[in-house]
Amino acid sequence: MILSIKRVPTVVSNYQKEEAEEGARHAIGCGRNCLRSCCLPGAKLPLYAFNKVGNVVGEKGSFDTENKKPPVNFLDSLLLGEWEDRMQRGLFRYDVTACETKVIPGEYGFIAQLNEGRHLKKRPTEFRVDKVLQPFDENKFNFTKVGQEEVLFQFDASEDNEVQFFPNEPIDTDKSPSVVAINVSPIEYGHVLLIPRILECLPQMIDRESFLLALYMAVEAGNPYFRLGYNSLGAFATINHLHFQAYYLATPFPIEKAPSKKITTTTGGVKISDILNYPVRGLVFEGGNTLEDLSNVVSDSCICLQENNIPYNVLIADCGKRIFLFPQCYAEKQALGEVSSELLDTQVNPAVWEISGHMVLKRKEDYEEASEENAWRLLAEVSLSKERLQEVKELIFEAICCNIEDEIVTPIMEDDSDVTPQSHEDMDALKGSQPAMVPA
Amino acid sequence: MEPQLGLIEKSFDLRYSDLVREALDELPDCFTITDPCICGHPIVFASKGFLKMVGYSKDEVIGRNGRIFQGPETDRRSVMEIREAIREERAMEISLLNYRKDGTPFWMLFQMCPVFSKEDGRVINFVGVQVPILRKLRLSGNGIVRSEMSLRDAGNGARETVFRCCRREVCSDSILELGRVSCLESVSSNDDREVDNNEPCEASELEKTKAGTAISNILSVLTHYSELTGRLVCRKRYCLSGNGQLGASLNICLGRIKQSFVLTDALSPDMPIVYASEGFLKLTGYARHEVLGRNCRFLSGTDTDPTTQFQIKECIRSQQACTVRILNYRKDRTSFWNFLHISPVRNASGKVAFFVGIQIDDRCKNQETNGLSPEMRQLSVVGAVKVAVRSLSMGASTS
């Protein structure tokens, strides 16, 4: 039996069509100025090339003068400027700033928004929710089909050791560009999609390289209120084409306020903690001797979940300094009919933003009556049980070959140079454990 | 690019007179004073005790934001709490791990307090006091290891520093008051520099009191010296910020935007300016108090094209964004072509609350600035302002 639920998907692109109709029309000549071979040759986009080298653990604009960082948060300005440009050009389905929003009084300050226009009112589509890994399907909607005007800029690593910006750079199909595009049904101002290596048409699953790209974006933006999120299939991802989401909200997310308790520190210096006192159980990752260390521990954990068919969501917060991982089971519960109709009626699908505490509500009564208790109750349904999470944690720790370190204090390094990992054997073991990719 | 130290210190002196530094230098405590109205919310004063504690020189600290003392083991949630307290303009206290110039970490109790202008209730400064604290004691199998206290005279005359073998520093007016204190040494290490960063450090009552006393002393000094200049400050906000006034949180947010722009109040008659950036003041030659509360039309003059003015008026009336090129005049009556972009800005209620106007001097328009076109630069300001206004008006402050 295939588990599936009926859902009304959110439109993310002006070119997103009914999945049922799409197959028939695909081959016909485009005229949409999209990103496929019909339209792509000769296309140009701004290119933001970030500096991979010298990205030490530390906030942008801090004391290390050896890094050549632009004085202004350039990526931040680029994102905001390009997004506002698309707003003024009328590319969004609605003005999200015209949607009423509030912080719900309470300990955590859940954020509620009344957005009646976000979900397209059309015949719902079947969506398979019991498999986290599903092969890419060219016939379904994917991001190569969006119009170029929805793409804001390319985002890739610089070839030289410095940040570079090219206002009008041809898209080099051989170099497998990654791009940032708008979400035409935004949850908040600046809602974009980061699509790693867009032309490779990767399915929605995390790999080390892509996750690192997302983390670089958080670091480069340098704005603690610009967060990135990821939904796996089965955890309310709507499109099976690898993408992260991001937007601006200049207030703390409830999840960011939740206390945590350290479980362990990896040999790469990554601190892994339990999230406490929050309706959804999960893990938080911090630190790391280098950004890559942090990135790899998280992506390896995600890969482990993927391979064990456990749906999950990821939130990258605090300029990439804190990463939250939430394994979840809501879609499965929904398909098995285990969720109360009262919760189902709100039609809130608990994806990463909802889990983090940002609720977009479609009905006025839900918005007026929004309370911390209601939010808590909904999110509690999403969470794995304590026992199940414990099992999942064991899977994850086994996968990342963690060295339990909490009895030993990490000594402070004497010199200022990048800290090297203490044990080379462990690093190699970690590399060797990279799983084979599931064929698309 | 660092803000000019001279200007930073000057603004502080203007408020408190240039005698205030001497008075503040006499206080033995570790503290910093920041100015949320300056872009980047920089430190404008650092006490001698503070500089000694962190091992930096004055020039390395003035003009920088407090985050330079944070490091890899600093708890991010605590940093967030400080950030939010600043936004909400309230006092707070927290234990935090900071780093010295040589990279060594240390725990300290951080107590922060806003300083309000008596005249208009705005936050003028934040005072931050840092009290170094003992590491959390750990129990070995045999119980707590005790060792005797050692004294070290810091050479301050009547104010002596007691330096314990676990690096706890206590300032006191008289050593005799403290009496003999036993010191608890952590079992896990003998290394003088090693710190257990994994568990948060709770400050003792003594340390909290010390911090509170320091804050009071500093505020007394500031209040007293503000009387000399007539620009009074106080510890509590005496008058509520009016509708036209923006809270510190929005001010700080907007203060990060370097371009020339103003925010006008869409809900007040004649749409007065409620915010003017440093860039705007620099471009037009006015001082802040000369523009706040006025409608932007004072920028126009004899040769300004009335059609353009009408165009602006129409866009505002229909709540549309627009870009125009208008002849404007500076305070010294020299004119310049203003490449102006105006956009409505909604707050969390969804309704238009402000208009933002971003000015570019046409002469400077095509200068190289990081590759962003002038139009893009203006739009990025619109975006930043929209995010700030919307987010910061979402309401209910939480505990």
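A disulfide is a pair of cysteine sulfur atoms within 2.5 Å. I start my notes with that cut-off, and with a reminder to myself that this is a predicted model.

**Entry 1: cysteines**

How many disulfides does the structure hold over all chains? I looked through both chains and the count came back as zero. I then picked A:Cys201 to see why it stays unpaired. The closest cysteine sulfur to that of A:Cys201 belongs to A:Cys34, and it is 11 Å away, too far for a bond. With a disulfide needing sulfur atoms within 2.5 Å, that settles A:Cys201 for me.

Is A:Cys201 buried or exposed? I find a relative accessibility of 16%, so A:Cys201 counts as buried. I also looked up B:Cys364 in the other chain: its relative accessible area is 30%, which makes B:Cys364 partly exposed.

**Entry 2: chain A**

Next I went through chain A as a whole. I noted 12 helices and 17 strands. The chain has 440 residues, and 61% of them are buried. For contacts between residues at least 6 apart in sequence, I wrote down that 75% join residues at least 24 apart. Chain A exposes about 17200 Å², and 50% of that comes from carbon and sulfur atoms.

**Entry 3: chain B**

I gave chain B the matching treatment. Here I have 12 helices and 15 strands. Of its 399 residues, 51% count as buried. Among chain B contacts with a separation of 6 or more, 55% are between residues 24 or more positions apart. The exposed area of chain B is about 18800 Å², with carbon and sulfur atoms supplying 51%.

**Entry 4: a helix pair across the chains**

Last, I turned to helix 2 of chain A (residues 74–88) and helix 12 of chain B (residues 374–392). At what angle do their axes cross? I get roughly 90°, with the axes coming within 7 Å. That crossing makes helix 2 of chain A roughly perpendicular to helix 12 of chain B.

Which residues make the contact? From helix 2 of chain A I listed A:Ser77, A:Leu80, A:Gly81, A:Glu82, A:Glu84, A:Asp85, A:Met87 and A:Gln88. Helix 12 of chain B brings B:Met376, B:Leu379, B:Ser380, B:Val382, B:Gly383, B:Ala384, B:Lys386 and B:Val387. I sorted the residues of this contact by character and got seven nonpolar, five polar and four charged. Among the charged ones I see A:Glu82 and B:Lys386.

Notes:
Residues are numbered from 1 along each chain as its sequence is written. Chains are lettered from A and ligands numbered from 1 in the order in which they are written. This is a predicted model: local features need pLDDT of at least 70, side-chain atom pairs count only at pLDDT 80 or more; totals for chains, interfaces and linings use all residues. Side-chain values use heavy atoms; hydrogens and water are left out. Buried means under 20% relative accessible area, exposed over 50%, partly exposed in between (1.4 Å probe, protein chains only). Axes are lines fitted to C-alpha atoms, for helices over the stretch in contact, and angles run from 0 to 180 degrees between N-to-C directions. Helices (H or I, at least four residues) and strands (E, at least two) are DSSP runs, numbered from the N terminus. Angles under 35 degrees count as roughly parallel, over 145 as roughly antiparallel, 65 to 115 as roughly perpendicular and the rest as oblique. Contact means heavy atoms within 4.5 Å. Accessible areas come from the Shrake-Rupley method with a 1.4 Å probe; for residues, only the protein chains shown count as cover.
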